[in-house]
Amino acid sequence: MSEALDTTHPLNNISVETLKSTFEASRGPLIITDNSLPDNPIVYANQAFCDLTGYEMAEVIGKNCRFLQGHDTEAAAITILRKAVKKGDHARTVIKNYTKDGREFYNDLLISPIKNAAGTITHFMGMQLDVTERALAEHRLLEKTRELEEFNGELEQFTFAASHDLQEPLRMIASYLQLLDKRYAHTLDEDGRTFLGFATEGAERMQALIYDLLTLSRISNADDRYRLSDMNEVARRALENLKISIRETGAEVTVAPLPTLPVDPSQMIQLLQNLVGNAIKYTQKSIKPVISITAKRGRDAYTFEVTDNGIGIDKQHFERIFVVFQRLHTRSEYSGTGIGLAICSRIVERHGGRIWVESEPGKGSTFKFSIPIKR
């Protein structure tokens, strides 16, 4: 036996004609489908719906909403709506449809079940909002993003190929310059020896630049080789690679206990080696470099800190230093190619983290980077 209609509810005093007038006055497209009939046909559509789709009322009534869809209507949106109708649930999704004259449009569609007095779902109401302009803008942005990614990929491949091909001729130039210096430097006058020194220095600088460009390209094009790695061992190997600089400067480097994380260990070695190497390099000559490596656990990631007592960085340069070829000092002051921190940034980004710096001129720097705990 069905439940009696609650005649005290205020909506029970509203007539069908009043509801119809309300629906017709609505600026938003609205339809009602009959859930009790096969194929859930449309039994009502307001004028806003007809204006949006270009169909007359008579062309809409009795049809399933599928008649608005095209071959490229997203399957995921259709699945969401079908599941909601089958379960008798509310659902909301953005779906691509077509007008009578073939123009595509996007609806932000909310469907809701309508029940009778007995609680049985008899109809579904579909309230719609035309979001075509927003959706097309999003699609254009995605397309531009894909184009930019393709361009960046091609640029990285070109950089890798060009740098790789330049290695051999530069190696030959450097070798012959060394032979000239060894065999004939004593026969040259002061100007000749100066010119030879400039040429040798330029070749060495170009070799270092090409090496760093190749490193940057390899990071960008590397396959994901993440595995659980002991960051203590990573730090040990990074410092082993820097043992000559550490010995020559008398640097004191301490490493707190570090976690085991899913990372590419070779890239992490490069990251710590670059950060510690910079900390050693950018310390005043009269001061012994003091550097610490620590890590703190957060909810989803570890934050690593490489702290030094170096010359520090002005706040206005915090973002600039992670850009390729951006140098804050002349080569006569500090050597380098201006790529090291860009390599660090690329490594951290590939691991799903971020890198930043906290520093003041004359008070040292702390480079921080985050690495997610799970991948």
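Analyst: Quick ground rule before we start: a residue is buried under 20% relative accessible area, exposed over 50%, and partly exposed in between. Also, keep in mind that this is a predicted model.

User: Is Arg66 buried, exposed or partly exposed?

Analyst: Arg66 comes out at 42% relative accessibility. The partly exposed class sits between 20% and 50%. So Arg66 counts as partly exposed.

User: Which side chain does Arg66 meet in a salt bridge?

Analyst: The N to O distance of this pair is 2.9 Å. Arg66 sits in the loop between α3 and α4, and its partner in the loop between β1 and β2, so the bridge ties together parts that are 27 residues apart in sequence. The partner is partly exposed, at 41% relative accessibility. The side chain that meets Arg66 is that of Asp39.

User: And which residue forms a salt bridge with Asp72?

Analyst: The closest N and O atoms of that pair are 2.7 Å apart. Asp72 lies in the loop between α3 and α4 while its partner is in strand β3, so the pair ties together parts that are 24 residues apart in sequence. Asp72 is partly exposed at 29%, but its partner has a relative accessible area of just 8%, which makes it buried. That partner is Lys96.

User: Okay, helix α4: how far does it reach from its first C-alpha to its last?

Analyst: α4 covers residues 75-87, which is 13 residues. At 1.5 Å a residue, its reach is close to what you'd expect. The value is 18 Å.

User: Why do the buried residues of α4 lie on the same side, and what arc do they cover?

Analyst: The buried ones are Ala77, Ile78, Leu81 and Ala84. Their arc around the axis is narrow enough to put them on the same side of α4. On the other side, exposed residues include Arg82, Lys83 and Lys86. The arc of the buried set is only 130 degrees.

User: Which residue just after α4 takes a positive phi?

Analyst: α4 runs over residues 75-87. Just after α4, the phi is about 75 degrees. The residue is Gly88.

User: Over to the strands: which residue of β10 is the bridge partner of Ala295?

Analyst: β9 and β10 form a hairpin with three residues between them. Six bridges join these two strands, which run antiparallel. In β10, Ala295 has as its partner Phe304.

User: Which residue in β9 pairs with Thr254 as its bridge partner?

Analyst: Here β9 is joined by four bridges to β7, and the two run parallel. In β9, the partner of Thr254 is Ser292.

Conventions
Residues are numbered from 1 along each chain as its sequence is written. This is a predicted model: local features need pLDDT of at least 70, side-chain atom pairs count only at pLDDT 80 or more; totals for chains, interfaces and linings use all residues. Side-chain values use heavy atoms; hydrogens and water are left out. Two strands pair if DSSP finds at least two bridges between them. The expected span of a helix is 1.5 Å times one less than its number of residues. Buried means under 20% relative accessible area, exposed over 50%, partly exposed in between (1.4 Å probe, protein chains only). The arc is that of the directions from the helix axis to the C-beta atoms. A salt bridge is a side-chain nitrogen of Lys or Arg within 4 Å of a carboxyl oxygen of Asp or Glu.
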